[in-house]
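Q: Please take a close look at the cysteines of this protein and at whether they are paired or unpaired, and then follow the structure outward from there, explaining the reasoning as you go.

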Amino acid sequence: MLEVKNLKKSFDNRPILNDVNFTVNDGEILTIVGPSGAGKTTLLRCITGLESADSGQFLIDGKPFDPESVEPEQTVMGVVFQDFNLFPHLSVLKNITLAPTMVLKESIELATANAEKLLKQLGLTGKGNLYPFQLSGGQKQRVAIARALAMKPKILCYDEPTSALDPNMRDEVAQLILGLKKQGMTQLVVTHDMAFAKEIADNMLKVKALDVKQD
């Protein structure tokens with residue numbers, strides 16, 4: 001279970017997040033919605049340690065943790081970025097196995113076996129030797145998800161997972177996220193697409209300027 005308490009963040013003395021509080025239970029999907037500029041991505045970046053919070057508390061299973069100082073091999077948060085951030089010079093398989101071999105110190109054999117299982121799970125069997133430029137947007141996203149899952153995170157976070165995709169792929173993304181939920185994965189999803197958010201969410205966090213309300 002993830003708990004966020006009294007989270008605050010400002011940029012250049014301009015408050016972006018003010019006393020944000022919410023809880024995500026294990027296996028649930030929380031969608032974070034709101035207009036552009038309301039602080040959705042900033043909130044996600046603070047939770048994942050990519051941005052420093054000004055104040056607030058983060059707890060996992062009731063125990064405080066600092067997203068910025070978690071040991072790399074103790075992965076709490078996995079992140080699927082809006083633009084995927086795949087390494088263009090590496091194959092799909094290398095993109096997925098790089099962090100497990102370097103950070104988790106897995107053998108290349110184990111990391112490759114795990115990567116191939118993830119590729120099969122995500123409908124990418126046979127794509128391991130391709131490079132990112134040879135993939136569709138949806139395939140790149142699934143590779144990014146596989147790369148995040150390879151680090152065995154407790155929680156998987158997405159920043160606008162439908163924004164870079166053709167609109168008719170929205171349902172495919174929704175089914176993918178719901179499929180991971182069935183496997184017990186806790187997920188946080190930042191999105192501007194309210195219909196998509198309602199389709200996948202157990203709970204929804206509505207972010208407005210200096211106002212956050214959990215339904």
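A: In this predicted model, the count of disulfides is 0. A disulfide calls for two cysteine sulfur atoms within 2.5 Å, and the sulfur of cysteine 46 has its closest cysteine sulfur in cysteine 157, 12 Å away, which is too far for a bond. Seen from the other side, the closest cysteine sulfur to that of cysteine 157 is the one in cysteine 46, again at 12 Å, so a bond is ruled out by distance here too. Both side chains belong to buried residues: cysteine 46 has a relative accessible area of 2%, and cysteine 157 has a relative accessibility of 0%.

Cysteine 46 is part of helix H1, and its burial fits the setting of that helix, because 6 of the 8 residues in H1 (residues 40-47) are buried and the helix is therefore largely enclosed by the rest of the structure. The buried residues are Lys40, Thr42, Leu43, Leu44, Cys46 and Ile47, a list that includes a lysine as well as leucines. Just after H1 comes glycine 49, whose phi is positive, at about 80 degrees.

Cysteine 157 falls within the range of strand E7 (155-159), and the loop between E7 and helix H5 (170-182) holds threonine 162. Threonine 162 is buried, with a relative accessible area of 11%, and beyond its neighbours within four places in sequence it is in contact with Gln141, Arg170, Val173, Thr191, Asp193 and Phe196. One of these partners, aspartate 193, sits in another loop, between strand E8 (186-190) and helix H6 (194-200). With neighbours within four places in sequence left aside, aspartate 193 is in contact with Thr162 and Arg170. The side chain of aspartate 193 also reaches two backbone nitrogens, that of alanine 195 at 3.2 Å and that of phenylalanine 196 at 3.0 Å.

A further loop, between E6 and H2, contains serine 91. Serine 91 is buried, with a relative accessible area of 9%, and its side chain reaches the backbone nitrogen of lysine 94 at 3.1 Å. Apart from neighbours within four places in sequence, the contacts of serine 91 are with Gly128, Asn129, Leu130 and Tyr131. Between serine 91 and alanine 38 there are 36 Å in space, C-alpha to C-alpha, for a separation of 53 residues in sequence. In H2 itself, the buried residues are Val92, Leu93, Asn95, Ile96, Thr97 and Pro100, and they pack against helix H3 (108-121) and H4.

Helices H2 and H4 come up again at the largest pocket, which contains about 600 Å³ of space. Of the 24 residues lining this pocket, Thr75, Met77, Gly78, Val79 and Met151 are the closest to its centre. Strand E6 (77-80), helix H2 (92-102) and helix H4 (137-149) each contribute at least two residues to the lining. By class, the lining is made up of 16 nonpolar, 5 polar and 3 charged residues.

To return to the request, the cysteines are unpaired in this model, with 0 disulfides: the sulfur of cysteine 46 lies 12 Å from that of cysteine 157, its closest cysteine sulfur, and this is too far for a bond.

Key
Residues numbered from 1 in each chain as written. Predicted model: local features only at pLDDT ≥ 70, side-chain atom pairs only at ≥ 80, totals over all residues. Heavy atoms only, no water. 1 Å grid on protein atoms, 1.4 Å probe; cavity = no way out; pocket = protein on both sides within 12 Å on 5 of 7 lines; lining within 4 Å. Points joined across faces, edges and corners; volume = space filled by probe spheres on them. Helix = DSSP H or I, 4+ residues; strand = E, 2+ residues; numbered from the N terminus. Nonpolar A, V, L, I, M, F, W, Y, C, P; charged D, E, K, R; others polar. Polar contact = N/O pair within 3.5 Å; in protein donor to acceptor, adjacent residues only side chain to side chain. Contact = heavy atoms within 4.5 Å. Buried < 20%, exposed > 50% of the residue type's maximum accessible area, 1.4 Å probe, protein only.
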